[in-house]
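Here's a quick briefing for anyone opening this structure for the first time. Have a look at the sequence and the model, then read on.

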Amino acid sequence: MFGIKEKIVIITGAAQGLGQGIAEVFAKQGAIVVPTDRAGVSLEETMAMCKKAGAFDVYAHELDITDPASINKAVADVKHRYGRIDILVNNAGRNHPKHSEEITEELWDSVMDVNLKGSFFMTQAVLPVMKEQKKGRILFTSSVAGLVAREHQVPYCASKGAVDAMLRTLAYDYAAFGITVNAVAPCFAMTELTKTRLEDPSYRSMVLGMIPVGRLVEPSEVGAVFAFLASEEAAMITGQTIVIDGGWTIW
Ligand SMILES: NC(=O)c1ccc[n+]([C@@H]2O[C@H](COP(=O)([O-])OP(=O)(O)OC[C@H]3O[C@@H](n4cnc5c(N)ncnc54)[C@H](O)[C@@H]3O)[C@@H](O)[C@H]2O)c1
């Protein structure tokens, strides 16, 4: 489909959900997929899916984006094994819906540390490699929650809005080095992150009522946009958040 064959892609939070779906799409395009996730979280299923889908190679690696030592080890190991890092997908994310008056500093930090701070420092770790290559693609899984209000999700919405703002400046700072920086902002997909809420029929019908297309987004649809943004063909797209929301934000 797009020019990502044999490109090396690190995907964070790839053990399940959207990250796993993104990994499979990259694998189908013949990329070298490096699915990563926190310690103790199995990447076996993702590895098997990637191999079956036709990945050029699969190299699973532990990577906790809140731990600088873990970030540095994973980046060094991938660089050592393949000699380059072409694409980073900052996908790992957390959400803890809670009424604003009940949000503790600990809860606030736990969301921001993954969604915003962890994604930034993960990005920072690959920048020297991509600068040296004079080429790279940095991608984020943002969310419609960065663009519209979501009930009782202040830290999550703030983190995703901040990701969108952050990537514009990263895109500006690194454009001259052949590095593009973009995000994909999906609406609801059925994953562990959303399952409990979406299994509630009234919540689900409220969500579907927001989406003119009338359904949730599939992980493969999110992965396809990432694959395009990661490709050679998307070299002139940078600093953008591409919304995949079935029309949620057009009305
Ligand atoms: N599911 C949705 O409806 C939806 C919509 C828009 C955006 N998103 C975003 O998509 C991304 C993936 O979410 P999902 O729905 O697949 O959720 P998920 O809970 O199924 O997967 C999240 C993954 O991130 C990993 N993770 C959490 N903390 C981590 C850390 N410190 N280091 C490394 N990995 C860590 C988890 O282990 C898990 O594998 C998130 O950034 C989320 O905000 C999801």
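**Backbone oddities, and how to read this model**

His152 is partly exposed, because its relative accessible area is 39%; buried means under 20%, exposed means over 50%, and partly exposed is what lies in between, using a 1.4 Å probe and protein chains only. Keep in mind that this is a predicted model, where local features need pLDDT of at least 70, side-chain atom pairs count only at pLDDT 80 or more, and totals for chains, interfaces and linings use all residues. Residues are numbered from 1 along each chain as its sequence is written, and side-chain values use heavy atoms, with hydrogens and water left out.

- His152 sits in the loop between strand 6 and helix 5 (154–174); helices (H or I, at least four residues) and strands (E, at least two) are DSSP runs, numbered from the N terminus.
- Although His152 is a residue other than glycine, its phi is positive, near 55°.
- Lys134 is another non-glycine with a positive phi, about 60° here.
- You'll find Lys134 in the loop between helix 4 (105–133) and strand 6, and its 62% relative accessibility makes it exposed.
- Gly54, just after helix 2, has a positive phi too, of about 105°.

**Helix 2: one side in, one side out**

- Helix 2 (residues 44–53) has Thr46, Met47, Cys50 and Ala53 as its buried residues.
- Looking down the axis of helix 2, those residues fall within an arc of 135°, so they line one face of the helix; the arc is that of the directions from the helix axis to the C-beta atoms.
- In general, an α-helix has 3.6 residues a turn, so residues three or four places apart point the same way.
- On the face turned away from the buried side, helix 2 carries the exposed residues Glu44, Glu45, Lys51 and Lys52.
- The cover over the buried residues of helix 2 includes helix 1, strand 2 (32–37) and strand 3 (57–58), with contact meaning heavy atoms within 4.5 Å.

**Helix 8 and its glycine**

- Helix 8 (residues 219–230) has 12 residues and reaches 16 Å from its first C-alpha to its last, close to the 16 Å expected at 1.5 Å a residue; the expected span is 1.5 Å times one less than the number of residues.
- Its buried residues are Val222, Gly223, Phe226, Ala227, Leu229 and Ala230.
- These buried residues cover an arc of only 165° around the axis, which puts them on the same side of helix 8.
- They pack against helix 1 (17–28), strand 5 (87–90), strand 6 (136–141), strand 7 and strand 8.
- How buried or exposed is Gly223? Gly223 has a relative accessible area of 0%, so it is buried.
- Leaving out residues up to four places away in sequence, Gly223 touches Ile22, Val25 and Phe26.
- Gly223 and Gln20 are 203 residues apart along the chain, yet their C-alpha atoms are separated by 9.1 Å.

**Rings meeting rings, and charges over rings**

- The whole structure holds 5 aromatic pairs; rings of Phe, Tyr and Trp (its six-membered ring) pair if their centres lie within 6.5 Å, and planes under 30 degrees apart count as stacked, over 60 as edge-to-face and the rest as tilted.
- One of them is Phe188 with Tyr203: the centres are 6.0 Å apart and the planes are at 75°, so this pair is edge-to-face.
- That pair links distant parts of the chain, 15 residues apart, with Phe188 in the loop between strand 7 (179–186) and helix 6 (195–198) and Tyr203 in helix 7 (residues 201–210).
- Phe188 also pairs with Trp248, again with centres 6.0 Å apart, but with planes at 10°, so this pair is stacked.
- Here the partners are 60 residues apart, as Trp248 lies in the segment after strand 8 (241–244).
- Ring pairs thus join Phe188, Tyr203 and Trp248 into a cluster.
- Each member of that cluster is buried: Phe188 at 6% relative accessibility, Tyr203 at 12% and Trp248 at 5%.
- The charged end of Arg81 sits over the ring of Tyr59, 4.2 Å from its centre; for this, NZ of Lys or CZ of Arg must be within 6 Å of the ring centre and within 35 degrees of the ring normal.
- Lys131 likewise lies over the face of Phe177, 4.8 Å from the ring centre.
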